[in-house]
Amino acid sequence: MGNRDAARLSLFLLLAPLVLWIGLLIILPHLGIGYLSLREKVAPRVYQFSFANYVDFMREPIYWNTLLRTAVMSVLVTVMTLVVGFPIAYYIAKVAGRRSRAALFLLCLVPLWVSDLVRAFGWIVLLRETGLISGFLQWSGLARGPVELLYNDATVVVGLVYTVVLFMIVPIVSTLDGMDNSLIEAGYNLGGSRWTVLRRIVIPYAMPGIVAGCIIVFMLTAGSYLTPILLGGKNSMWFTEQIYEQFITRYNWESGSTFGILLLAFTSFVVWAGLRLSGQSLATTVAKG
Amino acid sequence: MNVAAPQTPLLKATYRAYVALFFLYLAAPLVAACVFAFNDSTFAALPWRGFTLDWFFGDTDPKIGLFNDRRMLAGLRVSAIVGLIVALLSVAVGTTNAFLFERHHFPFKRLLYILSVIPLVIPGVILGISILVFASMLANGAEAAFGTDLDFLRPGLFLVVLGQFSFLTTITTLVIGARLRKFDIALEEAALNLGASRVRVLRTITLPFLAPAMIAAGLVAFLVSFENFNTTLMLIGSDAPLTITMYDRIAKMGSTPVLNAVSFVLILGSGTLALISILIQRDKPAESGR
């Protein structure tokens, strides 16, 4: 009897921190911004329930254009990251020798350990008007005057791919690790071309890793703040920047909360749609990775 | 022969070149950020004017080095304190969560597990504003109901700690849980059979087994906390951690080589901590594959 009580007590003691953490720092705060987004200031210190904040969002093209732009750019970055990262993941998992593969994998992780801010700053040093690349172009005679490579969309995409590519490579490497090379051999023996084997055998096998990578990359990109602002400058039009502006600059928390909820809803929707299209589930991808 | 590798020499060379190019891309901004910390010029740009350590130790006006820059040093101190507290807290809760999920069965376990993974995919800015909003609601409520001013619920380091803790606990839970899953429960049973108390078993057998994962998780938590920007930005009060101070400088003054010096120190520091956490975790080569 005493033993059972002890087990029950230990269960409660272990549950308490989890429930406090999830309840007080995740669930209630999100309900909080949900609540704030649904109230309207009608007079000083007088509020009432309304959808006014959401209506305002729909009425102001600059707001929903920014959200749309953020979404399109994030999808673009996700696709680019997959295209850039997949060959690297395949190389690490299947082509590299035993020793070099551990080294390559570690090298891949290095930028992950370095702050976002330092990485963005590094790109600034490289790409600005007085930067290294501009200097090189002038020195080699390819350009006459200083070249400003910052503050355009291409740079933002390059910087964002840089920030998130590791989150694509790691899950793909871990799924491809489990693939037996004899599957590839069988594909060739049955007369498949290199392209057919890749398309019909390797990619389907890597699918859980690809989907996990895409989800993480998309979420990180849509929620990123530093890279688009520092590399894109004043006109980067990133949605998280709007949230910051509403909260800190304009002190309009109702509208800022609304934007937060919209960003969450929107990114969740894209992730859900991606899972549906690829026939995967959240549990088999993210939780495992 | 490796059938998975490309077979023709041309294809092989192209593939190698692509991989090399990719790693150049990874290294380029980090190298660029570091190199100019040692250039004897007031701009972080070419031409190269000779090697100097002034951007670290200098104390005369145009060249105030990092270690004589009061605001940077204050930021460094704040970041270190916050990182330490967050690391300790998140490892403690991560450990209890690991035991909960690996050793116990209870209703809604799956739901709670998913909920505890979710903070990792919520954008940091949103975690920041939601905690800011909730804490302000509590503070306003307390003020209206009891007339007390709960100052710690206003933007400041307490909220920064909570904000970072809210998603770092997911990482520590996953890392420590993965290690606990590998634990052979027979070891505990043997000790219990030999007459050890539960507390003693935990202290002498289970926790020492978990220690590498706990230390590694703590290092990761410290690092990520130290480098965090998005969540922190929404929650800071008057004391700014290093990343915020550095961001203000980049945004306001363009850049001086002091920022390169900070970058160099940060890269060096995080590289060292990362290496330690990797070495600690792989006590047996078989386990390094994950």
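What span should the 25 residues of helix H6 of chain B have at 1.5 Å a residue, and how far apart are its end C-alpha atoms?

## Helix H6 of chain B

This is a predicted model, and helix H6 (residues 157–181) is a nice place to start. At 1.5 Å a residue, helix H6 of chain B should span 36 Å, and its end C-alpha atoms are 35 Å apart, so the two values agree. Along the way, H6(B) bends by about 35 degrees at B:Ser166.

## Where the chains meet

Let's turn to the interface. The area buried between chain A and chain B is about 7,300 Å², with 79% of it given by carbon and sulfur atoms. On the chain A side, A:Trp21, A:Trp113 and A:Phe121 lose the most area to chain B, together 11% of what that side buries.

The contact draws 80 residues from chain A and 81 residues from chain B.

## What the contact is made of

Across this interface there are zero salt bridges by the rule, while nine residue pairs are in polar contact, both residues being at pLDDT 80 or more. Helix H1 (residues 2–37) of chain A supplies 20 residues, the largest share of the side that touches chain B. That side of chain A divides into 62 nonpolar, 13 polar and five charged residues.

Notes:
Residues are numbered from 1 along each chain as its sequence is written. Chains are lettered from A and ligands numbered from 1 in the order in which they are written. This is a predicted model: local features need pLDDT of at least 70, side-chain atom pairs count only at pLDDT 80 or more; totals for chains, interfaces and linings use all residues. Side-chain values use heavy atoms; hydrogens and water are left out. Helices (H or I, at least four residues) and strands (E, at least two) are DSSP runs, numbered from the N terminus. The expected span of a helix is 1.5 Å times one less than its number of residues. The bend at a residue is the angle between axes fitted to the seven residues ending there and the seven starting there. Contact means heavy atoms within 4.5 Å. Buried area is the accessible area (1.4 Å probe) that two parts lose on being put together, summed over both. A salt bridge is a side-chain nitrogen of Lys or Arg within 4 Å of a carboxyl oxygen of Asp or Glu. A polar contact is a pair of N or O atoms within 3.5 Å; within protein, one must be able to donate a hydrogen and the other to accept it, and residues adjacent in sequence count only if both atoms are side-chain atoms. Ala, Val, Leu, Ile, Met, Phe, Trp, Tyr, Cys and Pro count as nonpolar, Asp, Glu, Lys and Arg as charged, and the others, Gly among them, as polar.
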